[in-house]
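User: Please take a close look at one part of this model, starting from a single side chain and working outward through the helices around it. Which residues and elements meet there, and how are they arranged?

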Amino acid sequence: MSETDRSRPRRRRPLRVALGLAVLLAVAGYFAVQRSSTGGGAPYCTVTATGAGGASPGTVQTYEMTPEQAANAATIAAVGISKGLPDRAVTIALATAMQESALRNLDHGDRDSLGLFQQRPSQGWGTPQQIMDPVYSAGIFYDRLAEIKGYTRLPLTVAAQKVQLSGFPQAYAKHEPDATVLTAAFGESATPATLTCSGPAPQPGDPEKVRSELTRAFGKEALGGAHAPAAAAGRARPGAVPEAEVSLRLRKDGGPGEARRGRAMAHWAVARSNELGVARVAYGTSRWAAGDDGGTWRPRSAGGTDPYDPAPDEVRIFVARRG
């Protein structure tokens, strides 16, 4: 079973966005404290938004996922961004994957259906190996969605069904609110969401794999430069897990697309931290550290003197390494 839609991003005033993000960071911290105080010990990820998708201003919306689900959601969003598609397309894709696989990369399904979108090799979606690759499966879903004339103006169920040809087309509708909240963490929403992941400090990772996976998801052209400064390996604080840095200078285009990519890359790194050994992420005025503060984002240091702080056009990702 398998198919999708899109929509046009909305522009927001910088001050309004900054204030909304500050509120979200505080709310996300509150939810993380509440979760840890109730004894939740297993790793989990939460997206927190306020007033997303037309909800009443001030309405706090949350969506919780396992690290696996968060990693797949981040990949789906990243591929949509790499193709230059609007937030509506990302929402349609996420809602479809929520229904088809619960955001899990399934190696089974109805008849020969496989993967995040339960695409069928026998129906021309690709080989089983291709379909089991989240980057490929998201990409072909978006390609077929983009072929639907006016998909951004269609109801989500109609757009998704035109791609998926599902036997239960109305089932996609119930996932639209959650998919909208998730999209706000990666898109150009007036009320940006925050994605946080809790859990212990990660196992050692490979900076080269992080760079490779970022390039696969977002495309080479989106990365203005990825490098690992020699001094970065020595920046781990006393007692902290040793780290190697993957520093990404975003492509400058002078438009809102740059901020969208930066936020999406930062949230992508957090979502995949458990899998890739990401220990720390910094972007804009905020930073995140695995195992610290319940996995919440925290404001950057006063005066911007901390060596972990990024430049305005930079996403900094620190990967745990063996000491």
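Analyst: Isoleucine 76 has 0% relative accessibility, so this residue counts as buried. The model is a predicted one, and the values below are computed from it. Isoleucine 76 belongs to helix α2, which covers residues 67-82. If neighbours within four places in sequence are set aside, isoleucine 76 is in contact with Ala93, Leu94, Ala97, Leu103, Leu116, Phe117, Ala138 and Tyr142. Threonine 91 stands 15 residues from isoleucine 76 along the chain, and the C-alpha atoms of the two are separated by 9.7 Å.

One of those contacts, leucine 103, deserves a separate look. Leucine 103 is found in the loop between α3 and α4. Its phi is near 60 degrees, which is a positive value in a residue other than glycine. Is leucine 103 buried or exposed? With 0% relative accessibility, leucine 103 counts as buried. Arginine 111 is found in the loop between α3 and α4 as well. Arginine 111 also has a positive phi, of about 55 degrees, although it is not a glycine. Its relative accessible area, however, is 62%, so arginine 111 is exposed. The two residues share a loop and a positive phi, yet leucine 103 is buried and arginine 111 is exposed.

Next comes helix α3. This helix spans residues 87-101, and it meets α7. Their axes come within 8 Å and cross at roughly 130 degrees. Why are α3 and α7 called oblique to each other? The crossing angle is roughly 130 degrees. Angles from 65 to 115 degrees count as roughly perpendicular and those over 145 as roughly antiparallel, so an angle that fits none of the named ranges is oblique. α3 and α7 are therefore oblique to each other. Their crossing is right-handed. On the α3 side of this contact are Asp87, Arg88, Val90, Thr91, Leu94, Ala95 and Met98, and on the α7 side are Glu176, Asp178, Ala179, Thr180, Leu182 and Thr183. Sorted by class, the residues of this contact are six nonpolar, three polar and four charged. Leu94, listed here for α3, is also among the residues that isoleucine 76 touches.

Helix α6 can be added to the picture. This helix covers residues 156-164, and its buried residues are Leu156, Thr157, Ala159, Ala160, Val163 and Gln164. Viewed down the axis of α6, these buried residues fall within an arc of 165 degrees, so they line one face of the helix. An α-helix has 3.6 residues a turn, so residues three or four places apart point the same way. The buried residues of α6 pack against α3, α5 and α7.

Leucine 156 gives a detailed view of this packing. This residue is in helix α6, and its relative accessible area is 2%, so leucine 156 is buried. Not counting residues up to four places away in sequence, leucine 156 touches Arg88, Thr91, Ile92, Ala95, Tyr172 and Glu176. Among these, Arg88, Thr91 and Ala95 also take part in the contact of α3 with α7, as does Glu176 from α7.

Histidine 175 is 19 residues from leucine 156 in sequence, and the two are 9.6 Å apart, C-alpha to C-alpha. Histidine 175 lies in the loop between α6 and α7. At 14% relative accessibility, this histidine counts as buried, because the cut-off for buried is under 20%. Apart from neighbours within four places in sequence, histidine 175 is in contact with Ala95, Met98 and Gln99. Ala95 is thus touched by both histidine 175 and leucine 156.

The remaining neighbour of α6 to describe is α5. The axes of α5 and α6 come within 9 Å and cross at roughly 110 degrees. That angle makes α5 roughly perpendicular to α6. The crossing is right-handed. Phe141, Arg144 and Leu145 in α5 meet Ala159, Val163 and Gln164 in α6. By class, four residues of this contact are nonpolar, one is polar and one is charged. Just after α6, leucine 165 takes a positive phi of about 55 degrees.

As for the protein around this part, it has 10 helices and nine strands. Of its 323 residues, 52% are buried.

Definitions and conventions: Residues numbered from 1 in each chain as written. Predicted model: local features only at pLDDT ≥ 70, side-chain atom pairs only at ≥ 80, totals over all residues. Heavy atoms only, no water. Buried < 20%, exposed > 50% of the residue type's maximum accessible area, 1.4 Å probe, protein only. Helix = DSSP H or I, 4+ residues; strand = E, 2+ residues; numbered from the N terminus. Arc of directions from axis to C-beta. Contact = heavy atoms within 4.5 Å. Axes fitted to C-alpha atoms, helices over the stretch in contact; angles between N-to-C directions. Parallel < 35°, antiparallel > 145°, perpendicular 65-115°, else oblique. Left-handed = near helix turned anticlockwise from the far one by under 90°. Nonpolar A, V, L, I, M, F, W, Y, C, P; charged D, E, K, R; others polar.
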